[in-house]
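User: Please take a close look at the nonpolar core of this model and at the strand pairing that goes with it. I would like one connected account rather than a list.

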Amino acid sequence: MKSMCLALLALLPLAAVANEGKVSKVNGSVRVEAGQSAGDVSTVNGGVTIEEGATVADVDTVNGSITIERNATVQKVESVNGGVSLAADVKASSVETVNGTLKLAEGAQVSGNVSAVNGSAQLAKGADIKGQLSNVNGKMTIHSAHVGGGLKTVNGDILVGADSRVEGGILVEKPNLNWFNKSNHRPPRIVIGPGAVVEGKLRFEHEVELLVSDRAKIGAVEGATPQSFSGDAPK
């Protein structure tokens, strides 16, 4: 028993250190300076900026945007009302927003999933998502980038640009009636560009326009008829 107590006492300083560096606000923006380290970083009403080369744990805000600058390392990133931007060579474990645009610059890496509800997602050359990229409404644009866990949307357009690679297929889900008004809706436009590869099934649970380059490679298609195009983009 004595040895167990001594072991627990020995752990107390470590636990205190682990809690140090947490940054939390209700109102106002939060910033972690370049090259610094911090624990969880959060605010309710305000933006969050993690400067170049900084290392932090989870990052979240309710009303505000999140900017992760070049070469920074973060864990889970979440915003409710605001965009999320990962600069070049950022590393994150997951990224999520409800209302806002997601941007991954060149070489940005996410080891888990990236998701939005009402917002577009833009992946620059060399960006890498190991998990799934998903949203409900908003365009996904993938430029010479990689997504390992597939693409999922309900009403969003998708552009898998030239030389991009998607593993895990594409799923366009049937809309919930609460989200969908047929009178003012056009079918999502799904474009697979030249040199792009989509492995796995492309499954469409409602009408889409599926345009596939004659130089692209795709898996089996269910629920749509691919239309082939030549050149850099469909006319």
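Analyst: In this predicted model, the largest nonpolar core has 50 residues, and the members that touch the most others are Ile50, Leu86, Leu133, Leu151, Val160 and Ile170. As a general matter, nonpolar side chains in soluble globular proteins tend to be buried together.

Leu133 can serve as a worked case: once its neighbours within four places in sequence are set aside, Leu133 is in contact with Val114, Ala121, Leu123, Met140, Ile142, Val147, Gly150, Leu151 and Lys152. Leu151, one of these partners, is itself named among the core residues that touch the most other members.

Another partner, Val114, leads to the strands, since Val114 lies in β13, where it stands opposite Val95. Strand β10, residues 94–99, and strand β13, residues 114–118, run parallel and are joined by four bridges. Both strands belong to an open sheet of 11 strands with parallel pairing, whose order is β1-β3-β5-β7-β10-β13-β16-β19-β22-β25-β28. At its edges are β1 (23–24) and β28 (221–222), each of which pairs on one side only.

Val160, also listed among the core residues with the most contacts to other members, falls within strand β20, residues 158–160, which pairs in the parallel sense with strand β23, residues 189–192, over three bridges. In that pairing, Ile158 stands opposite Ile190 of β23. Strand β23 is in turn joined by four bridges to strand β26, residues 209–213, and these two run parallel as well; here Ile192 has Val212 of β26 as its bridge partner.

Definitions and conventions:
Residues numbered from 1 in each chain as written. Predicted model: local features only at pLDDT ≥ 70, side-chain atom pairs only at ≥ 80, totals over all residues. Heavy atoms only, no water. Core = buried A, V, L, I, M, F, W, Y, C linked by side-chain atoms within 4.5 Å. Buried < 20%, exposed > 50% of the residue type's maximum accessible area, 1.4 Å probe, protein only. Contact = heavy atoms within 4.5 Å. Pairing = 2+ DSSP bridges.
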